[in-house]
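Subject: Structure handover

Hello,

Here is the structure I promised to pass on. Please open it first, then read the notes below.

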Amino acid sequence: MAIANEEEFRVYNSMTQQKEIFKTHEPGRVGMYVCGVTAYDLSHLGHARAAVNFDVLFRYLQHLGYQVTYVRNFTDVDDKIFRRANELGEEPLSLSNRFCEEYLVDMADLQCLTPTHQPRVSDHMEQIKDMITQIINNDCAYLVDGDVFFAVDKSPNYGQLSGQKLENHRAGERVAVDSRKRNPADFVLWKGAKPGELSWDSPWGPGRPGWHIECSAMSSHYLSFRFDIHGGGIDLIFPHHENEIAQTCAACQQSRVSYWMHNGHVTNNNEKMSKSLGNFFTIRETLQDSEDALSPFQKGSLKEVPEQKGKTARVTSAAQECISNLRSEFQTKMSDDLNTAQILTVAFQEALKFINSSLNMLKKKQPKQQQLSMIESLIAVEKEVKEVLNILGLLSSSTYSEVLEQLKDKALKRAGLVENDVLHLIEERTLARKNKDFSKSDQIRADLTVKGIALMDVGDETIWRPCVPVEQEHNALPVEQTASTTG
């Protein structure tokens, strides 16, 4: 596939609120840091969206020929983790480790590539403490009773990313303000430990990091103080990313991120999907695709084409036009801030039609040279389509049968059934239909559909396939996606 020039790739920069030509600090190399999850529960669709969006960016940058260092962190030290661990009677780091591992399973199911580094807060306490020390030495933070606060008054450009102004932070509007703060907007860099709480030694006494400092410390550790892309959900712009900018600049005045990129929320009935609101679906609850949604290229459509050893033929002009259109449309859409929503449309659909029609024609008898040319054309078009799907993270290495079995296993677990249960009910339904007891046969089918099991009558045989449970369709609030891929 043709590689787009660097000058043609434009991304939306949240800092400037406009699309900009993508240029790297170092030719041929990209440093990218994306804020990951706080590991205290299974991840939901909002987390999936962020992971998939930046996975596509990671893949596309590699496709363009860049050597990408992709860092995505785990927050494994946090109040939410401590509270959940206390509820479950589990050690905080044990609980967070468990959900870090569960997140990695979800990422594999989503076919997201593994980032270059996946640092955890608990493994980077020295880097965090060193950065806090530097901020204090630069007179931008102060110590109060074992807590270290960042002084926002020392950050002249505070609010440059979010547009928030310091005068808007009036005491008591959202949360009770700590009277020890010099300014209500000051935020904690280091929290002194409470009795019995997990803590680490520091120059300011035992405690643990505040939320924002972890990303500044880990991004600078793996990528230096100057790197290309910092990403995350749009809800992180304020206060998290705004505070990151302030404290990182306080530690090193030469620090700079070229592009701040944010994905929009997944919303549920016009509200952001979040655990705190209880309106979320986990990734595992929604990773149940129908058979029809499986890529035809997982079905090995061209495996039926006879191999032609030692024989070559020209790719047809129709195939060449199909490939040219697909390349052009793909490059145009992807270079426009990763406009993935428009990629699997016109040219891509035409490529699929070409493949399907060519496969049908191969079943008919035709001159040998014409058949060879059609086979070469099919192989060329399929290669191009697969490359598009691979860059989008939609091409599975599993066969159709393997994917279907995985989906069936998940559907059975979700329904609380084993396959023999389903087969027994299919026999009951078949008998009911034979006895013209259509009320019973319809009820069996409806009951299984509610559980995510669809019965399909194929000739004289009845088979079953996974489906979206009817309960989920009827009772769940509509899930919508808002905002562009990166803006």
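A residue is called buried under 20% relative accessible area, exposed over 50%, and partly exposed in between (1.4 Å probe, protein chains only). By that rule Asp147 is buried, at 13% relative accessibility.

Some ground rules. This is a predicted model, where local features need pLDDT of at least 70, side-chain atom pairs count only at pLDDT 80 or more, and totals for chains, interfaces and linings use all residues. Residues are numbered from 1 along each chain as its sequence is written, and side-chain values use heavy atoms, with hydrogens and water left out.

Salt bridges
A salt bridge here is a side-chain nitrogen of Lys or Arg within 4 Å of a carboxyl oxygen of Asp or Glu. The count comes to 23. Asp147 has one with Arg180, at 2.7 Å from N to O. Asp147 belongs to strand E6, and Arg180 to the loop between strand E6 (147–150) and E7; they are 33 residues apart. Helices (H or I, at least four residues) and strands (E, at least two) are DSSP runs, numbered from the N terminus. Arg180 is partly exposed, at 27%. Arg180 also bridges to Asp178, with the closest N and O atoms 2.8 Å apart. Asp178 is partly exposed too, at 24%.

Now look at Asp79 and Lys191. Their side chains meet in a salt bridge of 2.9 Å, N to O. Asp79 is in helix H2 (residues 79–88) and Lys191 in strand E7 (residues 187–192), so the bridge ties together parts 112 residues apart in sequence. Both belong to a salt-bridge network with Glu197 and Arg208.

Aromatic rings
Rings of Phe, Tyr and Trp (its six-membered ring) pair if their centres lie within 6.5 Å; planes under 30 degrees apart count as stacked, over 60 as edge-to-face and the rest as tilted. The whole structure holds ten aromatic pairs. Phe22 and Tyr66 are edge-to-face, because their ring centres are 5.9 Å apart and their planes lie at 90°. Phe22 is buried at 0%, and Tyr66 is buried at 10%. Ring pairs join these two with Phe9, Tyr60, Tyr259 and Phe330 in a cluster.

Charges over rings
A charge sits over a ring if NZ of Lys or CZ of Arg is within 6 Å of the ring centre and within 35 degrees of the ring normal. Arg182 sits this way over Tyr142, its charged end 4.0 Å from the ring centre. Arg120 does so over Phe74, at 5.4 Å.

Best wishes
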